[in-house]
Amino acid sequence: MAKNIKPRKDDYAQWYLDVIKAASLADYSPVRGCMVIKPDGYAVWEAIQRELDTRFKATGHVNAYFPLLIPQSFLTKEAEHIDGFAMECAIVTHSKLEKQADGTLKPASPLDEPLIIRPTSETIIGHMYAQWIQSYRDLPVLINQWCNVMRWEMRTRLFLRTAEFLWQEGHTAHETEAEAIEETLRMLDVYADFAENVLALPVIKGKKTDSEKFPGAVTTYCIEALMQDGKALQAGTSHHLGQNFAKAFDIKFLGRDQKQQLVHTTSWGVSTRLIGATIMAHSDDEGLVLPPRVAPTVCAIVPIYKTDEEKQQVLDFIQKLLAQLVPTANNSLESATQKQSVASLQFNTHTNQKIVVDLRDARPGDKQYHWEQKGVPFRIEVGPRDVQQGVFVLKHRLDRAKETVNLADVASPAWLNSRLDAMHHALFDRAKNFRESSTRQADSYDEMKKILTEQGGFVSVWFEPDRTAEAKIKDETKATVRCIPMEQSGDGTSEGVCIYSGKPTKTRVVFAQAY
RNA sequence: CGGAGUGUAGCGUAGCAAGGUCAGCGCGCUUGCUUUGGAAGCAAGAGGCCGUUGGUUCGAAUCCAACCACUCCGACCA
């Protein structure tokens, strides 16, 4: 058992932090609530970016970059938007520092208008769109940006909620409401597809109730995932903004009917929180488990030997193995062997995923723990006994199973790729089974309360969304409506009794306690 | 921001209630030898103004104050 990681059942929050620490994903910064994303964590983010960016481009979007700083006055233009974000904005008020007599620095030269550090970019992008869009021929505008944003959160948690975080925000403008809604739902599908097919994270697609929607949105759609402690995590959102921001920023165009019209806008985003979701959904008491499609290292090879002769035999054997797995790369292990370092070989040039050979002067057991805690999907062990028999030992991170494989059976990278695929599906199935066994139906408010306090997880109920009722329920159970699932049970026309009001309703929602 | 807790080397900690040979220990790290199939053994080393700033005192890791950061519970949120 991992000696540096607290088991999930003892302290889930501590387990989460231990896993991040053991896998070297992130570190604290000197600034409250901000984190340093270390190379191993950032590589996961790069994989997420790569996969999402491909999907954004495939759906017709282009990338651009808007400034970090936004005039304070912009935030006042959309009423709900102010209420939603004003409380958590960091503000730039001065343009320089002056040295004091005692050597300390003091802000000087105050700005005429304070600038806020973007908590999200609807306002500044709306401002620019107003200048760029003149005619229906200019539409749609389909822009995404990858950037950082800052929200001065009260309480932070690595990856799940940090004061500064990395994300992408798509902002589109359309001629008609129907197109905007179509775009909103298209991107929701992109997110769901990405979460399930890349992160192996099963998600529920749904709509937020009015009380949970984005400040300034007409409708907010989301994907919701379930973590291993039975709490929900919002993993991505897609907003139909209607004409709210068009009105606020005067984004008008001359329509086909020769009249001035307001555009219909959308915005959608996912953040580095996805890394937190991935950690919480898949990892175990031994440490990180990474979905194979975002794992920076897909396989770690650990040689085992006593004598120099054995070492040579084992390394020769590994060379043969690598020749099959990494045919395009220069497989020489010479320099890594000499330096007693970790040799890193390009396994997949598209995804930039590596195979490593751990040639450090350390004991095999240490190396096994090292790569296991980093969540590497597969480890290969090659010792003198294996070389004699022409085999090696393959260790699966998912279930920690061992498998003896003939070198002769490894003819190409496809051998490993098929295993990575199988692991992806097994990981997804495991998470999905967990979610399904943690999703319960309740027919009354009392039953829901009982489930929430005794078991957690998702609770599916008939419920008529209502601000006051939702506030009361949150107060009493800590649970909120995570979403109104897109897939309503039955044919969508069935009807039940709202567990709170007792009135008939056609809406089934999912309640859960959330991060 | 309210409540509770924590802060001593990269990590984990002893010492603190009775200020003074009090800066220790384990892991990790470095070097050497023996080892090497899931966290090895022996030996020799390196590493800390005890979170920060003030105060009390002849003397502060220890007492007092303020501040900072982190963890947990609330409120807020991707």
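In this predicted model, helix α4, spanning residues 122–132, lies across three strands, namely β7 (141–150), β8 (164–174) and β14. Relative to β8, the helix runs at about 30°.

The strands beneath this description belong to a wider arrangement. An open sheet of 11 strands, with mixed pairing, follows the order β3-β7-β8-β14-β11-β10-β9-β23-β26-β22-β21. Its edges are formed by β3 (62–63) and β21 (439–441), each of which pairs on one side only. As a general reminder, strands of a sheet pair through backbone hydrogen bonds, in either a parallel or an antiparallel sense.

Within that order, strand β11 (residues 232–242) makes a convenient focus. Of its 11 residues, 10 are buried, so that the strand is mostly covered. On one side, β11 pairs with strand β14 (residues 264–271) in the antiparallel sense over 5 bridges, and here H239 stands opposite S267 of β14. Strand β10 (residues 219–226) is also antiparallel to β11, and 8 bridges join the two. Among the residues of this pairing, Y221 has S238 in β11 as its bridge partner. The hairpin of β10 and β11 has 5 residues between the strands, and in this hairpin G230 adopts a positive phi near 85°.

Following the sheet onward from β10 leads to strand β9 (residues 204–207), which runs antiparallel to β10 and is joined to it by 4 bridges. In this pairing K207 stands opposite Y221 of β10. Y221 is thus a handy landmark for readers tracing the sheet: K207 of β9 stands opposite this tyrosine, and S238 is its bridge partner in β11.

How values were computed
Residues are numbered from 1 along each chain as its sequence is written. Chains are lettered from A and ligands numbered from 1 in the order in which they are written. This is a predicted model: local features need pLDDT of at least 70, side-chain atom pairs count only at pLDDT 80 or more; totals for chains, interfaces and linings use all residues. A residue is buried if 20 or more other C-beta atoms lie within 10 Å of its own, exposed if 12 or fewer, and partly exposed in between; C-beta atoms are placed from the backbone. Two strands pair if DSSP finds at least two bridges between them. Two residues are in contact if their C-beta atoms, placed from the backbone, lie within 7 Å. Axes are lines fitted to C-alpha atoms, for helices over the stretch in contact, and angles run from 0 to 180 degrees between N-to-C directions.
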